[in-house]
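The following exchange works through one protein chain by question and answer. Please keep the sequence and the structure in view while reading.

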Amino acid sequence: MDERQLRILRELGELGSVTAVAEALLVTPSAISQQLRLLQRAVPVPLTERSGRRLTLTPAGQALADAAIEVETALARARQTVDEFVAEPTGAVSLAAFHSAGLVFFPALLRALADPAAPRLSFADEDVAQERFPKLTRDYDLVLAHRFDHAPPWPRTVASTPLLHEPLDVALPADHPLAAKPRLGPRDVAGQAWVTVHDGFPVLALIEAIATAAGQTPNLAHRVNEFTVVAEIVAAGGGIALLPRWTTHRHPDVVLRPLTGVHARRHIDVLYRPEHAARRAVRTVLGELRRAAERIRR
């Protein structure tokens with residue numbers, strides 16, 4: 001039995017005929033009869049009986065119709081609770097982000113949503129391979145994720161809001177001979193010692209593409225996923241690297257030079273399950289993320 005069937009039984013007890021119930025609920029009499037038959041199959045005793053031309057409720061039917069009032073009342077309370085939860089402006093919103101996105105977006109959100117009437121935020125860092133970002137939407141309301149231009153799009157199981165299309169530049173020690181050049185191509189950098197990420201992370205594919213374009217094998221000297229640590233290694237002369245242009249703090253002893261000949265850009269998007277965006281608090285945070293992205297681009 002379901003809520004609609006119980007509603008029909010209750011209306012039948014009050015109105016006394018299938019036709020009257022159909023008119024009240026704006027459906028056909030045959031649809032009402034079908035629902036009553038389905039309800040009867042779920043109950044071991046008769047719920048209705050004929051009384052002349054009228055279809056009336058048996059004592060069991062009347063008892064179930066009375067219980068239907070309690071069911072409808074409980075469901076109405078449940079719907080109201082959900083509506084209040086969805087409309088709550090100060091509700092809790094959980095966010096996850098890979099490290100460099102968290103570095104720029106988490107502080108921006110804290111400053112923008114510092115008012116007590118704003119959503120309550122909780123953050124977590126999740127630096128995972130690209131294919132794992134959509135799965136994080138099971139655990140978080142919003143997930144800041146990145147994918148490179150050559151990577152496949154996000155699956156249809158999640159919704160996404162674009163934030164940034166960010167270039168990656170070649171990071172060099174400030175006193176490196178190549179720092180004098182305004183732009184660098186694959187032949188300039190392919191033979192250098194590289195500070196790059198672990199296997200399975202997309203920056204590595206860009207390093208390999210640079211080496212392929214120059215006809216060389218990449219020299220992967222160090223494997224570090226955290227860009228802040230990468231910048232320190234580059235500054236100390238441990239090699240060169242690819243670093244995001246906007247979402248890493250500038251190191252005073254590191255210079256960034258645009259890369260030509262290999263398309264090195266990444267999309268930074270917010271992933272979420274569509275039902276999460278029904279909440280007012282989540283939509284508020286999404287709006288602040290878009291505004292923060294616009295400030296970063298400028």
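**Burial, cores and ring pairs**

Student: Is Phe123 buried or partly exposed?

Tutor: The relative accessibility of Phe123 is 29%. Buried means under 20% relative accessible area, exposed over 50%, and partly exposed in between, with a 1.4 Å probe and protein chains only. Phe123 therefore counts as partly exposed.

Student: What is the mean pLDDT of the chain?

Tutor: This is a predicted model, in which local features need pLDDT of at least 70, side-chain atom pairs count only at pLDDT 80 or more, and totals for chains, interfaces and linings use all residues. Residues are numbered from 1 along each chain as its sequence is written, and side-chain values use heavy atoms, leaving out hydrogens and water. pLDDT is the predictor's confidence in each residue, from 0 to 100. In this chain 100% of residues reach 70 or more, and the mean pLDDT is 91.

Student: In which helix is confidence lowest?

Tutor: Helices (H or I, at least four residues) and strands (E, at least two) are DSSP runs, numbered from the N terminus. Confidence is highest in strand S10 (residues 254-257), at a mean of 97, and lowest, at 81, in residues 59-87, helix H4.

Student: Which element gives the most to the largest nonpolar core?

Tutor: A nonpolar core is a set of buried Ala, Val, Leu, Ile, Met, Phe, Trp, Tyr and Cys residues joined through side-chain atoms within 4.5 Å. The largest has 38 residues, and Phe105, Phe133, Leu142, Leu144 and Leu289 have the most contacts inside it. Among the elements that each supply at least two residues are strand S3 (92-97), strand S5 (142-148) and helix H9 (280-297). With eight residues, the greatest contribution is that of H9.

Student: How many aromatic pairs are there, and how is the pair of Phe98 and Phe133 described?

Tutor: Rings of Phe, Tyr and Trp (its six-membered ring) pair if their centres lie within 6.5 Å; planes under 30 degrees apart count as stacked, over 60 as edge-to-face and the rest as tilted. The whole structure holds three such pairs. The ring centres of Phe98 and Phe133 are 6.2 Å apart and the planes lie at 70 degrees, so this pair is edge-to-face.

Student: Why does this pair tie together parts of the chain that are apart in sequence?

Tutor: Phe98 is buried at a relative accessible area of 2%, and Phe133 is buried at 0%. Because Phe98 lies in the loop between S3 and H5 and Phe133 in the loop between strand S4 (120-125) and S5, the parts tied together are 35 residues apart in sequence.

Student: What type of aromatic pair do Phe106 and Phe123 form?

Tutor: Phe106 in helix H5 and Phe123 in strand S4 are 17 residues apart, so that the pair links distant parts of the chain. Phe106 is buried, with a relative accessible area of 12%. At 4.1 Å centre to centre and 20 degrees between the planes, the pair is stacked.

Student: Why are the buried residues of helix H8 on the same side?

Tutor: In H8 (residues 227-235), the buried residues are Phe227, Val230, Ala231 and Val234. The arc is that of the directions from the helix axis to the C-beta atoms. These residues lie on the same side of H8 because they cover an arc of only 100 degrees.
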